[in-house]
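Please keep the sequence and the three-dimensional view side by side while reading. The paragraphs that follow pass from whole chains to individual residues.

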Amino acid sequence: MKKIEAIIRSSRFDEVKEALSEKGINFFTFMEVKGYGHQEGETHTYRGAVYDVGYIARMKLEIMVSDSFVQLAIDAILASAKTGEVGDGKISVISLDEIIQIRTGLRNESAINTK
Amino acid sequence: MNEEALLKANEALEAANQAMFTANNTWMLVATVLVFIMHLGFATLEAGFVQRKNVVNILFKNVMIISIGLLTYYIMGFNLMYPGGDGGGWFGFAGFGLTNPEGAAGLIEYADAGYSYWTDFIFQGMFAATCCTIVSGAVAERIKLVPFLVFCTLFVSLSYPITGMWKWGGGWLQEAGFYDFAGSTIVHSVGGWGALAGIILLGARKGKYTDKGIKPIPGHSMPLAAMGVFLLWFGWFGFNGGSVLSADAGLVSLVFVTTALAAAAGAIGSFVVSLGMFKTFDLSMALNGILGGLVGITAGADQMGPGAAILVGFIAGCIIPLSVVFFDKMKLDDPVGATSVHLVCGIWGTLAVGLFGELAGMTQIIAQLKGIVAVGVFTFLFAFIVFFVLKLTVGIRVPEEEEVAGLDIAEHGSPAYVGVNQAAFSVAK
């Protein structure tokens with residue numbers, strides 16, 4: 001099993017969620033994160049002073065999938081999260097040793113319950 | 001001996017009249033401040049009902065609206081609304097700017113010892129901008145700032161005073177027997193019609209109406225919204241109380257009672273109906289219900305007893321959830337419910353004058369309908385044409401990326417809430 005971590009633009013979140021859902025991936029954890037990188041931070045203005053906020057806002061998704069779904073998920077995210085501008089984000093794939101569902105005690109593939 | 005006594009009596013009478021004038025005028029100025037507080041209420045309420053990324057924008061609009069309203073009322077609004085003369089007309093203009101009549105004519109004789117010329121201006125001036133702030137809530141989160149301000153300037157300096165003159169300025173509606181004590185039609189549904197024209201031409205916020213149903217965009221701060229409504233209720237005591245146009249103890253105190261009871265009944269009406277419809281205790285509906293009740297009593301607060309006031313307010317409150325759902329079904333997006341509170345309940349409140357209280361009767365109902373329809377047609381057409389021309393020329397809606405990013409950043413470059421754990425700032429190169 002793998003965990004896919006995707007850092008995407010907040011504005012593409014709905015599209016990525018739809019695209020994953022179409023591939024049968026209907027659950028993941030997500031969080032609002034701040035990032036720092038090549039893209040310039042947002043510029044704000046306050047009482048005459050223009051300043052760089054120093055970070056960019058992003059959404060991070062953590063998706064647990066069985067190996068057969070990894071490429072499907074990556075393709076879905078690439079298609080829906082891409083805008084072509086600097087700052088579209090990154091996807092990483094991490095190997096998982098074990099997954100256990102708390103309610104049922106099921107392990108690994110059964111715990112993820114994807115088709 | 002007799003002459004001396006007569007002189008002393010006259011002096012005493014003069015003194016008493018001056019004292020009464022001062023008392024009346026003082027109350028009217030207090031009422032002016034209370035109506036001003038309604039702008040505070042609107043700003044707070046609208047801030048609470050929008051998303052946090054649009055708060056600076058809505059506050060900016062509210063600040064500009066009161067400023068534009070007062071200034072244009074000085075320049076031309078007051079003299080369009082109260083042109084004087086013989087009365088009964090459709091349009092009149094007493095000239096640009098203000099001139100205080102000399103001596104007693106601007107003071108004790110100006111309004112039967114009710115208030116001075118300046119008090120008249122500032123009291124009515126506080127009302128004027130209300131029509132625009134009603135629109136600002138309905139078009140929030142997607143309207144372009146500058147075209148909106150252009151609309152407001154035209155709306156408050158022309159449309160509002162012209163229709164206002166028809167009734168309060170002694171125009172043809174006054175002669176037709178139309179009655180609108182404090183402005184259910186003249187102020188509230190005028191704002192409501194402007195709001196309706198705006199949201200029709202503007203379109204809904206992105207993502208609100210999908211093929212899977214309505215995706216609500218909840219307000220970001222219920223505390224601000226609730227405080228805003230309470231501030232509006234607070235200010236309404238001046239809005240209605242001051243419309244007595246004197247400190248008449250009997251009338252002002254009656255109006256205080258009818259106003260408060262209608263607001264309370266509005267809350268209950270909205271609570272009961274929304275509980276039945278949605279099976280939840282919806283705070284935002286209860287808040288809108290209070291306002292609906294207040295708008296509902298505004299046309300006849302001095303013509304009804306407490307019982308009638310409660311009924312009028314209760315019905316207004318019941319209308320609110322039905323109206324909100326109706327506008328959503330029509331895909332007319334109104335983030336604060338302004339169309340339901342001010343337009344629909346404004347019409348209801350105006351009609352209620354013909355159904356309850358001292359003026360009830362078929363003749364009055366007809367007169368009320370005349371006013372509702374005439375003001376409605378003029379105001380809606382005016383607002384629609386202005387918004388339409390703006391839409392064709394400069395556009396009235398922000399681009400989609402700006403709507404998603406939030407107007408605070410897109411139009412102001414400045415968020416309302418600055419995060420705590422931010423990276424170090426650097427001065428932009």
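In this predicted model, the radius of gyration of chain B is 23 Å, which agrees with the value near 22 Å that a compact globule of 429 residues would have. Taken along the principal axes, the C-alpha atoms of chain B fill a box of roughly 90 × 55 × 45 Å. The secondary structure of the chain consists of 15 helices and three strands. Of its 429 residues, 56% are buried. Chain B exposes a surface of about 17400 Å², and carbon and sulfur atoms supply 70% of that area. When contacts in chain B between residues at least 6 apart in sequence are considered, 79% of them join residues at least 24 apart.

Chain A presents another case. Its secondary structure comprises three helices and six strands, and from the N terminus on the order of these elements is β-α-β-β-β-β-α-β-α. The radius of gyration of chain A is 17 Å, whereas the globule rule gives 13 Å for 115 residues; chain A is therefore more spread out than a compact globule. The box filled by its C-alpha atoms, along the principal axes, is roughly 60 × 25 × 20 Å. Buried residues account for 37% of the 115 residues of chain A. The accessible surface of the chain is about 7300 Å², with 50% belonging to carbon and sulfur atoms. Among contacts in chain A between residues at least 6 apart in sequence, 73% join residues at least 24 apart.

Attention may now turn to a pair of helices in chain B. Two packed helices are described by the angle between their axes and the distance between the axes. Helix H1 (residues 2–49) of chain B and helix H4 (residues 130–138) of chain B have axes that come within 10 Å and cross at roughly 5°. Because angles under 35 degrees count as roughly parallel, H1(B) is roughly parallel to H4(B). On the side of H1(B), the contact is made by B:His39, B:Phe42 and B:Glu46; on the side of H4(B), it is made by B:Thr130, B:Thr133, B:Ile134, B:Ser136 and B:Gly137. By character, the residues of this contact of H1(B) with H4(B) comprise two nonpolar, five polar and one charged.

Two of the residues just named recur in the surroundings of B:Ile58, which is found in helix H2 (residues 55–81) of chain B. Apart from its neighbours within four places in sequence, B:Ile58 is in contact with B:Glu46, B:Ala47, B:Val50, B:Ser136 and B:Ala140. B:Ile58 has a relative accessible area of 1% and is thus buried, since the cut-off for burial is under 20%. The C-alpha atoms of B:Ile58 and B:Cys152 are separated by 14 Å, and the two residues lie 94 residues apart along the chain.

The loop between H4 and helix H5 (145–167) of chain B contains B:Glu141. Most residues other than glycine have a negative phi. B:Glu141, although not a glycine, has a positive phi of about 80°. With a relative accessible area of 3%, B:Glu141 is buried.

Chain A offers a counterpart in A:Arg47, a residue other than glycine whose phi is positive, near 45°. A:Arg47 lies in the loop between strand S3 (43–46) and strand S4 (49–52) of chain A. Is A:Arg47 buried or exposed? Its relative accessible area is 75%, and A:Arg47 is therefore exposed, the cut-off for that class being over 50%.

Two further loop residues complete the account. In chain A, A:Ser66 is placed in the loop between strand S5 (56–65) and helix H2 (70–81). A:Ser66 counts as buried at 7% relative accessibility. Computed along the sequence, this residue and A:Asn108 are 42 residues apart, yet in space their C-alpha atoms are 8.2 Å apart. In chain B, B:Gln303 is found in the loop between helix H10 (283–297) and helix H11 (306–329). B:Gln303 is likewise buried, with a relative accessible area of 15%. Its contacts, leaving aside neighbours within four places in sequence, are with B:Tyr179, B:Gly357, B:Glu358 and B:Leu359.

Note on methods. Residues are numbered from 1 along each chain as its sequence is written. Chains are lettered from A and ligands numbered from 1 in the order in which they are written. This is a predicted model: local features need pLDDT of at least 70, side-chain atom pairs count only at pLDDT 80 or more; totals for chains, interfaces and linings use all residues. Side-chain values use heavy atoms; hydrogens and water are left out. Axes are lines fitted to C-alpha atoms, for helices over the stretch in contact, and angles run from 0 to 180 degrees between N-to-C directions. Helices (H or I, at least four residues) and strands (E, at least two) are DSSP runs, numbered from the N terminus. Angles under 35 degrees count as roughly parallel, over 145 as roughly antiparallel, 65 to 115 as roughly perpendicular and the rest as oblique. Contact means heavy atoms within 4.5 Å. Ala, Val, Leu, Ile, Met, Phe, Trp, Tyr, Cys and Pro count as nonpolar, Asp, Glu, Lys and Arg as charged, and the others, Gly among them, as polar. The radius of gyration is taken over C-alpha atoms; the globule rule is 2.2 Å times the number of residues to the power 0.38. Buried means under 20% relative accessible area, exposed over 50%, partly exposed in between (1.4 Å probe, protein chains only). Accessible areas come from the Shrake-Rupley method with a 1.4 Å probe; for residues, only the protein chains shown count as cover.
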